[in-house]
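Trainee: I would like to learn how to read a model of this kind feature by feature. Could we take a helix as our starting point and work outwards from there?

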Amino acid sequence: MELDYERVLGEVLTAIVTPFGRDGSVDFERFRELAQHLVERGSDGLVVAATTGESPTLTDDERLELFRVAVDTLGGGRGTVIANTGTYSTAHSVHLTREAHDIGVDAFLVVTPYYNKPPARGIVEHFRAIAEVSDRPVIVYNIPGRVVINIDPQTMIELAGIPTVRAVKQANDDLVQARRIVEDAQLDLYAGDDVLVRPFLEVGGIGGVCVHTHVAGPQVKAMIRAFREGDTETARKIDEELEPVYELLQVQTNPIAVKAALNLLGHDVGGLRLPLVDANEGEIARVRDCLERLGALSAATV
């Protein structure tokens, strides 16, 4: 399929963490600073208040204020803002999407309803109801590892029939399914696991909704650019060089490890809200080792 890059929300979208202050409140000024840093370091846009941003423990007011700050920070073409508005409740998802639309975000990330396990036709109607409240793009987030349900290719084709459903964040390493999203559903494909970015490029993907770009944004952008220019060997070499950051993300449940990494790099994003907990000493040591092997700590104070 020939890609129309004018309709792409970006190749590198970072699912940004939510910084917290010492009292556990959202640090909106630190969020603004981190957002600016990320778009200056390879990110074309940000996915705000997603799982990496600890959405399960954010209030609606906090989530909406994060959207406002992101739009204010990245407006004027500095970067796209994708609001995570998907929950396991269709009514709640519709409410968040309507509010985010009014704030002025560029698009919405909507996850497969989790825990209540709807059938395929329920998933389609869930997305249809959300799409009706905005004319802006919806990215379907398929992550069977957390949701249990995998959106099968036929259901993806049905979802593609909803006019504003434009893309899929696919956290599933089945390359056959990934190719069908591109070729059969004709939706833009984003890797939902960082390690899948290069394999998905090979089946027609756009790029990724990433976590590792908090610390390796320029390298990921360079890998995608090299692939686009036909230099697949350079893309493969960069991908191999990113192995330490792939390892970093496996140290502990996301976003525990990436927050530890950001704190080591001097970004001071604070801790996490329960039930997530801060990295312990052993985990911090492993994160530091990964950052050193990546070359990210050379200019940082640790």
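Mentor: Let us begin with helix α1, whose buried residues pack against β1, β2, α2, α9 (213-228) and α12. Please keep in mind throughout that this is a predicted model.

Trainee: Which residues of α1 are buried, and why do they line one face of the helix?

Mentor: The general idea is that an α-helix has 3.6 residues a turn, so residues three or four places apart point the same way. In this structure the buried residues of α1 are Phe31, Leu34, Ala35 and Leu38, and because they fall within an arc of 105° when one looks down the helix axis, they line one face of α1. The helix covers residues 28-40, and its 13 residues reach 18 Å from the first C-alpha to the last, close to the 18 Å expected at 1.5 Å a residue.

Trainee: How should I read the strands, and in what order do they close into a barrel?

Mentor: In general, strands of a sheet pair through backbone hydrogen bonds, either parallel or antiparallel. Here 8 strands close into a barrel in the order β1-β2-β3-β4-β5-β6-β7-β8, with parallel pairing, and the twist from one strand to the next averages 25°. Helix α2 (residues 60-74) packs on the sheet, where it touches β2 and β3, and its direction makes about 170° with that of β3.

Trainee: How many bridges join β2 to β3, and which residue of β3 stands opposite valine 47?

Mentor: Strand β2 (residues 45-48) and strand β3 (residues 80-84) run parallel and are joined by 4 bridges, and it is isoleucine 82 in β3 that valine 47 faces across the pair.

Trainee: Which strands pair with β8?

Mentor: One is β1 (residues 12-15), which runs parallel to β8 (residues 207-210) and is joined to it by 3 bridges; in that pair threonine 14 stands opposite cysteine 210. Another is β7 (residues 188-191), which pairs with β8 in the parallel sense over 2 bridges, and there alanine 191 stands opposite glycine 208.

Trainee: Turning to the interior, how many residues has the largest nonpolar core?

Mentor: As a general tendency, nonpolar side chains in soluble globular proteins are buried together. The largest nonpolar core of this model has 107 residues, and those with the most contacts inside it are Val48, Phe67, Leu159, Leu242, Val287 and Leu291. To follow one of them, valine 287 is in contact with Leu248, Val251, Ala257, Ala260, Ala261 and Leu264, once its neighbours within four places in sequence are left aside.

Trainee: Where are the cis peptide bonds that I should inspect in the backbone?

Mentor: One joins asparagine 254 and proline 255, with omega about 5°, and proline 255 lies in the loop between α11 (243-248) and α12 (256-264). Another joins leucine 274 and proline 275, with omega about 15°, and proline 275 belongs to the loop between α12 and α13 (281-294).

Trainee: What is the phi of valine 148, and is the residue buried or exposed?

Mentor: Although valine 148 is not a glycine, its phi is positive, at about 85°. The residue sits in the loop between α5 (144-147) and α6 (153-160) and is exposed, with a relative accessible area of 58%. Aspartate 268, also a residue other than glycine, has a positive phi near 50°; its place is in the loop between α12 and α13, and at 46% relative accessibility aspartate 268 counts as partly exposed.

Definitions and conventions
Residues numbered from 1 in each chain as written. Predicted model: local features only at pLDDT ≥ 70, side-chain atom pairs only at ≥ 80, totals over all residues. Heavy atoms only, no water. Pairing = 2+ DSSP bridges. Axes fitted to C-alpha atoms, helices over the stretch in contact; angles between N-to-C directions. Contact = heavy atoms within 4.5 Å. Core = buried A, V, L, I, M, F, W, Y, C linked by side-chain atoms within 4.5 Å. Buried < 20%, exposed > 50% of the residue type's maximum accessible area, 1.4 Å probe, protein only. Expected span 1.5 Å × (residues − 1). Arc of directions from axis to C-beta.
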